[in-house]
Amino acid sequence: MKILFVSSEAAPLIKTGGLADVSGALPAALRNLGVDVRLLLPAYPQVLNALPQTQVVARLFGLAEFPVAQLLEAVMPDGVPLWLVDCPALYQRDGGPYQDKYGADWGDNAQRFGLLSRVAALLGCADSPLEWRPDVVHCNDWQSGLTPAYLHYAPQPARSVMSIHNIAFQGVFPQQLTPHLGLPWDCFKLDGVEYFGNLSFLKAGLFYADHVTTVSPTYAREIQTDALGFGLQGLLRHRQHALTGILNGIDNTEWNPATDPHLAAPYSSSDLTGKAANKAELQRRVGLTVAPDVPLFGLVSRFTHQKGVDMVLEIAPQLLEFPAQLVLLGSGDAGIQSWAQELAYRYPGQIAVQVKFDEGLSHLIEAGSDVFLMPSRFEPCGLNQMYSQRYGTPPIVHATGGLIDSVVDCNAETLAHGQAAGFVFHDMNAYTLLTTAQRAAVAYRDKTTWHALQTNGMNRDFGWNASAQAYRNLYAHLMGK
Ligand code: ADP
Ligand code: GLC
């Protein structure tokens, strides 16, 4: 079984969010099941710098109006074979994968990810310059969304899977670009790539892919509703028999409190003593008062409306009265950033805010906090609520998407069954978040309950194996096996 896995980011090479965690870990998990997976990424400077050993394996020219490019071959640190679309005119620049260093989207993102999609389709059809031909091309999010559309017009195309990691990002561009990206006007229609008069990369993928997946069973239902379908609910309802929700896993090696190099002390579910040293180290590092018995609430997130960070800021002054402490790591929306920094300034020693992307600190926050906050308005899957359970840090989550699929609320019954591992709230408002945080603070005072919550979460298996098997079964089904 040969699979080409296409993504716009993959840890540890380049990461802005959970898509990188998934693209970094799922291919390796599939290889452990005997699947021959290869990863295709753009050759951003960050990627080239991390991989000095690359080899040119093909020249890519004559692809519509895309600039000349070449295909490089390398290997991921965990052994997964990797191909890079090397096109300096589109990727060799200072900034992130989607935005410049000031946070503005690159003006030529349609070309940048059109080329990624185009090359993925090329490798998946009879025109490929390589001998290796995939049975299935697995596309992820809008950045590879045009691939199934290109495959539709390609000779002897592979089957295709389109995975939605976040339907709020769709890659919508002016219709005039259609022929310049090498797509015939024939596909610019309702039954095609057209979306309210524009060209939509994600819609193209959802329409033309042989199968659509998303990253949790609950989100698979939610995106078929008017509330969370972001305009694509009609198409998804139409395709519901070819739509599957598969919960993401987590990388148990990368996220293991017993061996994590970013921690001050190791610990495990059978001996949690080391957790206190991590709390003290975290408090010191971010400038909180070192207070072992005050519950410390942590958050690591993109600062956007989706993540509900504003609600945490709204309740922060009342939270401190429990008493409690708060540490926030993230960046994004300028208004949320300055609001958070203002609170940190007003409550020194009690609220700490770090506006940056810091992998090491994110691990220490998972380990050193007592409670993890994830009040997302919507969440396709979410990874931090799983990391925090693995780190003995019960999460508080809103009942949405992958959050409900991965967190069991604490109540008398779930405690009795040894399942309780966090706190789930249903009404998305500041008052409910505050009372849920209070519920967590009360549980924290009861050592037996708290220990049960911690170990229930730590002992649950969130690893990739089950999800990787589900993907393998899906590929087999598409191949008619
Ligand atoms: P999303 O992909 O929507 O941002 P996920 O929960 O799936 O949400 O994944 C987010 C990933 O990005 C996690 O691995 C999280 O730890 C990481 N992350 C987010 N913000 C930061 C940050 N400021 N510093 C370090 N890691 C971060
Ligand atoms: C997206 C979603 C997040 C999910 C991640 C990986 O960024 O917002 O919920 O965990 O993709 O699938």
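Biologist: Let's start with ligand 1: which domains does the shell around it draw at least three residues from?
Modeller: Keep in mind that we're looking at a predicted model. The shell around ligand 1 takes at least three residues from each of two domains. One of them is written in two pieces, 2-249 + 464-478, and the other runs over 274-458. So the names you're after, going by the domain assignment, are domain 1 and domain 2.

Biologist: Okay, and which residues come nearest to ligand 1?
Modeller: There are 21 residues around ligand 1, so we need a short list from that crowd. Here, being around a molecule means having a heavy atom within 4 Å of it. The nearest ones are Lys15, Gly18, Arg302, Lys307 and Lys356.

Biologist: How far is an N or O atom in the side chain of Lys307 from an oxygen atom of ligand 1?
Modeller: Let's look at its neighbours in the list of contacts too. Arg302 has a polar side-chain atom 2.8 Å from an oxygen of ligand 1, while Leu383 uses a polar backbone atom at 2.9 Å. A polar contact has to fall within 3.5 Å. For the Lys307 side chain, the distance is 2.7 Å.

Biologist: How much of ligand 1 does the protein bury?
Modeller: Picture ligand 1 on its own: it would expose 560 Å². Now put the protein back around ligand 1, and the share of that area it buries is 93%.

Biologist: Which element gives the largest share of the shell around ligand 1?
Modeller: Several elements chip in at least two residues each: H1, S13, S14, helix H13 (359-368) and helix H14 (384-390). The largest share is 3 residues. Those 3 come from S13.

Biologist: And how many residues in the shell around ligand 1 are charged?
Modeller: Let's sort that shell by type. It has 6 nonpolar residues and 7 polar ones. Lysine and arginine count as charged, along with Asp and Glu. The charged count for this shell is 8.

Biologist: Now ligand 2: which element gives the largest share of its shell?
Modeller: Ligand 2 has 14 residues around it, and His165, Asn248, Glu379, Cys381 and Gly382 come nearest. By type, the shell splits into 6 nonpolar, 6 polar and 2 charged. Domain 1 (2-249 + 464-478) and domain 2 (274-458) each provide at least three of its residues. The largest share, 3 residues covering part of 18-32, belongs to helix H1.

Biologist: How far is the side chain of Asn166, by an N or O atom, from an oxygen atom of ligand 2?
Modeller: Two other contacts help set the scene. An N or O atom in the side chain of Asn248 sits 2.8 Å from an oxygen of ligand 2, and a backbone N or O atom of Gly382 lies 2.8 Å from one. Alone, ligand 2 exposes 310 Å², of which the protein buries 93%. For the Asn166 side chain, the distance is 3.4 Å.

Biologist: Moving on to the sheets, which strands are at the edges of the 6-strand open sheet?
Modeller: Follow the order S15-S14-S13-S16-S17-S18, with parallel pairing. An edge strand pairs on one side only. The ones that do so span 351-355 and 423-425, namely S15 and S18.

Biologist: What is the bridge partner of Leu296 in S14?
Modeller: Strands S13 (residues 296-303) and S14 (residues 325-332) pair in the parallel sense over 8 bridges. Leu296 has its bridge partner in S14, and that residue is Gln325.

Biologist: In the 9-strand open sheet, what is the average twist from one strand to the next?
Modeller: This one runs S3-S4-S5-S2-S1-S6-S7-S11-S12, with mixed pairing. Its edges are S3 (55-60) and S12 (243-245). Going from one strand to the next, the twist averages 25 degrees.

Biologist: What is the bridge partner of Val6 in S6?
Modeller: S1 (residues 2-6) and S6 (residues 136-140) pair in the parallel sense, over 4 bridges. Val6 finds its bridge partner in S6, and that is Cys139.

Biologist: Last one: where does Pro323 lie?
Modeller: Pro323 is joined to Phe322 by a cis peptide bond, with omega about 10 degrees. Another cis bond runs from Ala11 to Pro12, with omega near 5 degrees, and Pro12 lies in the loop between S1 and H1. As for Pro323, its place is the loop between helix H11 (309-320) and S14.

Methods:
Residues numbered from 1 in each chain as written. Chains lettered and ligands numbered in written order. Predicted model: local features only at pLDDT ≥ 70, side-chain atom pairs only at ≥ 80, totals over all residues. Heavy atoms only, no water. Polar contact = N/O pair within 3.5 Å; in protein donor to acceptor, adjacent residues only side chain to side chain. Areas by Shrake-Rupley, 256 points an atom, 1.4 Å probe, with all protein chains shown as cover. Pairing = 2+ DSSP bridges. Axes fitted to C-alpha atoms, helices over the stretch in contact; angles between N-to-C directions.
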